[in-house]
Amino acid sequence: MKPVRVAIAGAGGRMGRMLVEAAQEDPGIELVAALERPGSEWIGRDAGEQLGRSTGVVIDDDYERAIGAADCLIDFTRPAVSVGLVRTAQRLGKSMVIGTTGFDAEQRAIIEQAATEIPIVLAPNMAIGVNVVFRLLEGAAALLGEGYDVEVIEAHHRNKVDAPSGTALEMGRTIARVLGFDLDREAVYGRQGTVGVRPSRQIGFSSIRGGDIVGDHTVLFAGTGERIEITHRAQSRMPYAVGAMRAARFLQGRAPGLYDMRDVLGLR
Ligand SMILES: NC(=O)C1=CN([C@@H]2O[C@H](COP(=O)(O)OP(=O)(O)OC[C@H]3O[C@@H](n4cnc5c(N)ncnc54)[C@H](OP(=O)(O)O)[C@@H]3O)[C@@H](O)[C@H]2O)C=CC1
Ligand SMILES: O=C(O)C1=N[C@H](C(=O)O)C[C@H](O)C1
């Protein structure tokens, strides 16, 4: 089978660098284009420069040209940027892997609409371990029921701009689905002051930001006299990048639709 030709958006970023490396190491992937924002210091430089190697792919700010050369666009940037890229991928009939987090409802609706015409994997966390944790959470919530208070605690590096993390929100949504909670009404994001007694129908989210923490997520099920903690810690960004390559390969020849990593990994 021919390798999937990928373009990487945000190639100069923390994830962008990892994605370039993962693409180079995956025989099922051919890196054909890399994108950065117009005016970025990275434009015109080799996509592998930050890794100390040459890829032969020069970082570009011409979206049409870069996406046009690829089968699949991999995007780890910012929500507003991703939405613009989705529109271009839709127009050009290309598949897309979206790892960006922090979309609002309107932006998500644009992605959902595009997915009626092109295949898209949208996932806040592409690491296999985290997606297995989603499954563990479904099982734990179903077994424990409402008798255990659910708190999601996440920690990330100081440069992360959205909170709670997309992964923490997905963990909360996963548990809320099982327990029949409505997160719009029954979520609390941080606590301060006289907050009153904790209702049992609540999912709490706490975010820590500091240093170079790659990404830690803990879900606490706190009962009476005991508690369960399910934790995932990323020690490197490579598992996210490897997952993104796997998603790009999954999309090759796939029908239009909105998929996530559970589809890619067969965890449904
Ligand atoms: N799904 C997953 O598994 C994971 C998701 N993420 C998510 O990925 C996103 C990016 O994270 P991270 O790599 O740490 O962030 P970075 O800020 O390091 O990278 C984002 C990159 O996008 C670039 N960018 C900005 N505007 C444009 C544009 N118009 N066109 C192309 N590129 C542009 C930025 O350039 P500049 O800095 O010059 O503005 C930067 O290089 C976040 O939303 C994060 O939450 C992160 C890890 C895993
Ligand atoms: O910004 C990050 O770094 C990460 N973002 C994703 C998220 O918001 O969940 C995934 C991972 O936690 C790293």
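**A five-strand sheet, strand by strand**

Let me begin at one edge: strand β8, residues 187-189, is joined to β9 by three bridges, and the two run parallel. What we are looking at is a predicted model, in which local features need pLDDT of at least 70, side-chain atom pairs count only at pLDDT 80 or more, and totals for chains, interfaces and linings use all residues. Residues are numbered from 1 along each chain as its sequence is written, while chains are lettered from A and ligands numbered from 1 in the order in which they are written.

A word on terms: helices (H or I, at least four residues) and strands (E, at least two) are DSSP runs numbered from the N terminus, and two strands pair if DSSP finds at least two bridges between them.

Within the pairing of β8 and β9, Y189 stands opposite F205 in β9. Strand β9, residues 203-209, also runs parallel to β7, residues 149-156, with seven bridges between them, and here I153 faces S206 of β9. On to β10, residues 215-222, which pairs with β7 in the antiparallel sense, again over seven bridges, with E151 opposite L220.

Which order do the five strands take in the open sheet? The order is β8-β9-β7-β10-β11, with mixed pairing. Because β8 and β11 (227-234) stand at the edges, each with a single partner strand, one side of each is left without a neighbour in the sheet. Neighbouring strands are turned by 15° against each other on average, direction ignored, where axes are lines fitted to C-alpha atoms, for helices over the stretch in contact, and angles run from 0 to 180 degrees between N-to-C directions.
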